[in-house]
Amino acid sequence: MAATAAVLEGTPKIEIRGLGRSFNKKSNVPGTKTKEKFFALKDFNLAINKGEFVAIVGPSGCGKSTLLDLLVGLSKADEGQILIDGKAIKGPDLDRGIVLQGYALFPWRTVRRNIEFGLEIKGIPAKERAEISDKFIKLVDLVGFENHYPYELSGGMQQRVAIARALAYDPEVLLMDEPFAAVDAQTRETMQDELLTIWEKTGKTIIFVTHSIEEAVGLADRVAVICRSPGSVKEVVDVKLPRPRRIGDVRNTPDFSLVSHHVWELLQDKAPEEKTPRAQIDIGEEILPDTVI
């Protein structure tokens with residue numbers, strides 16, 4: 001199975017060098033207040049090209065959310081650094097947009113005003129804000145819902161608003177933390193295809209965190225597999241499926257199955273002689289088809 005190195009040739013859009021992030025935790029020794037240092041990430045290295053779609057997968061507790069916090073700039077690393085266009089991240093900035101699992105829309109704002117939020121922060125005049133929001137309302141297929149409030153929308157529609165809001169102020173990088181985990185399976189596949197269409201149209205650099213191997217392989221150019229705590233990059237796997245791509249078109253192809261199975265094997269972290277019965281092979285929210293195993 002082909003896999004790329006964690007560092008690419010040339011100047012990457014995003015470069016994560018020797019990243020380490022620790023937290024203090026209470027000692028397990030009874031009667032002591034001593035705190036121990038626990039590393040969520042250690043020696044984490046990854047490079048991402050401009051316009052690339054990279055998925056991050058790993059077991060629970062491997063530091064995926066910690067990595068996103070560092071990429072957003074909400075926390076600081078103990079070791080190493082994150083560079084965007086060669087400059088170290090020093091905190092939150094409008095060059096990065098984020099889409100979360102829980103939508104995080106402002107309930108008192110309409111669809112249009114949610115989408116315009118980042119534009120207001122940038123000081124964009126009202127007329128220009130309206131023109132930009134119109135563009136992204138069309139992009140995420142919400143024409144006719146401009147004046148609706150979040151509670152009047154389905155989960156999938158709310159996530160479209162969140163994506164439009166993140167894109168409207170034109171960030172260079174889009175960070176996505178399991179954005180489709182809260183919607184039903186049919187809506188999820190629709191949203192995946194819509195995200196691919198948006199990415200193809202905008203050319204944004206995307207980092208997409210997910211527990212689903214099928215989702216990671218279906219969407220990404222490369223899948224970074226993170227090992228258990230402390231989290232670090234175990235392998236970066238190339239996904240050489242054709243573009244433009246739709247999930248339903250590639251899911252049952254041999255190449256999709258081979259890449260998915262390889263990622264699954266990397267996540268098992270077992271000795272070679274250990275085998276898991278077919279019925280127990282669970283990859284997050286998806287079950288690999290028989291042909292994969």
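1. A helix axis here is a line fitted to C-alpha atoms over the stretch in contact, and the angle between two axes runs from 0 to 180 degrees between N-to-C directions. With that in hand, welcome to this structure, which is a predicted model. Helix α5 (residues 155–168) and helix α6 (residues 185–202) make a good place to begin: their axes come within 11 Å and cross at roughly 20 degrees. Angles under 35 degrees count as roughly parallel, and α5 and α6 are therefore roughly parallel to each other. The crossing of α5 past α6 is right-handed.

2. Which residues in α5 and α6 meet? From α5 come Gly156, Gln159, Arg160, Ile163 and Leu167, and from α6 come Thr187, Met191, Glu194 and Ile198. Sorted by class, this contact of α5 with α6 holds 4 nonpolar, 3 polar and 2 charged residues.

3. Now turn to the other helix partner of α5 in this note. Helix α4 (residues 126–139) packs with α5 at an angle of about 140 degrees, and their axes are 10 Å apart. Angles over 145 degrees count as roughly antiparallel and 65 to 115 as roughly perpendicular, with the rest oblique; α4 and α5 are therefore oblique to each other. Here too the crossing is described by its hand: α4 passes α5 in a right-handed crossing.

4. The meeting of α4 with α5 brings Ile132, Phe136 and Leu139 of α4 up to Ala164, Leu167 and Ala168 of α5. By class, the contact has 6 nonpolar residues, with no polar and no charged ones. Leu167 is worth finding on the model, as it takes part in the contact with α6 and also in the contact with α4.

5. Stay with α4 for a moment and look for Ile137, which is found in that helix. Is Ile137 buried or exposed? Its relative accessible area is 1%, and buried means under 20%, so Ile137 is buried. Setting aside neighbours within four places in sequence, Ile137 is in contact with Arg112, Ile115, Leu142, Val143 and Glu146. Measuring from C-alpha to C-alpha, Ile137 and Arg160 are 8.8 Å apart in space and 23 residues apart in sequence.

6. Strand β4 (residues 53–57) deserves a look of its own. Why is β4 said to be largely enclosed by the rest of the structure? Because 5 of its 5 residues are buried. Phe53, Ala55 and Val57 point one way from the strand, while Val54 and Ile56 point the other way.

7. Two strands pair with β4 in the lines of the sheet you can trace on screen. Strand β9 (residues 205–209) runs parallel to β4 and is joined to it by 4 bridges; within β9, Val209 is the bridge partner of Ile56. Strand β10 (residues 222–226) also runs parallel to β4, again with 4 bridges, and there Arg222 stands opposite Val54.

8. Finally, a few backbone details in the loops. Asp141 lies in the loop between α4 and α5 and has a positive phi, near 60 degrees, in a residue other than glycine. With a relative accessible area of 53%, Asp141 is exposed. Asp170, in the loop between α5 and β8 (173–177), has a positive phi of about 60 degrees although it is not a glycine. The peptide bond from Arg243 to Pro244 is cis, with omega near -5 degrees, and Pro244 has its place in the loop between β11 (233–238) and α8 (247–250).

Terms used:
Residues are numbered from 1 along each chain as its sequence is written. This is a predicted model: local features need pLDDT of at least 70, side-chain atom pairs count only at pLDDT 80 or more; totals for chains, interfaces and linings use all residues. Side-chain values use heavy atoms; hydrogens and water are left out. Buried means under 20% relative accessible area, exposed over 50%, partly exposed in between (1.4 Å probe, protein chains only). Two strands pair if DSSP finds at least two bridges between them. A crossing is left-handed if the near helix is turned anticlockwise from the far one by less than a right angle, and right-handed if clockwise. Contact means heavy atoms within 4.5 Å. Ala, Val, Leu, Ile, Met, Phe, Trp, Tyr, Cys and Pro count as nonpolar, Asp, Glu, Lys and Arg as charged, and the others, Gly among them, as polar.
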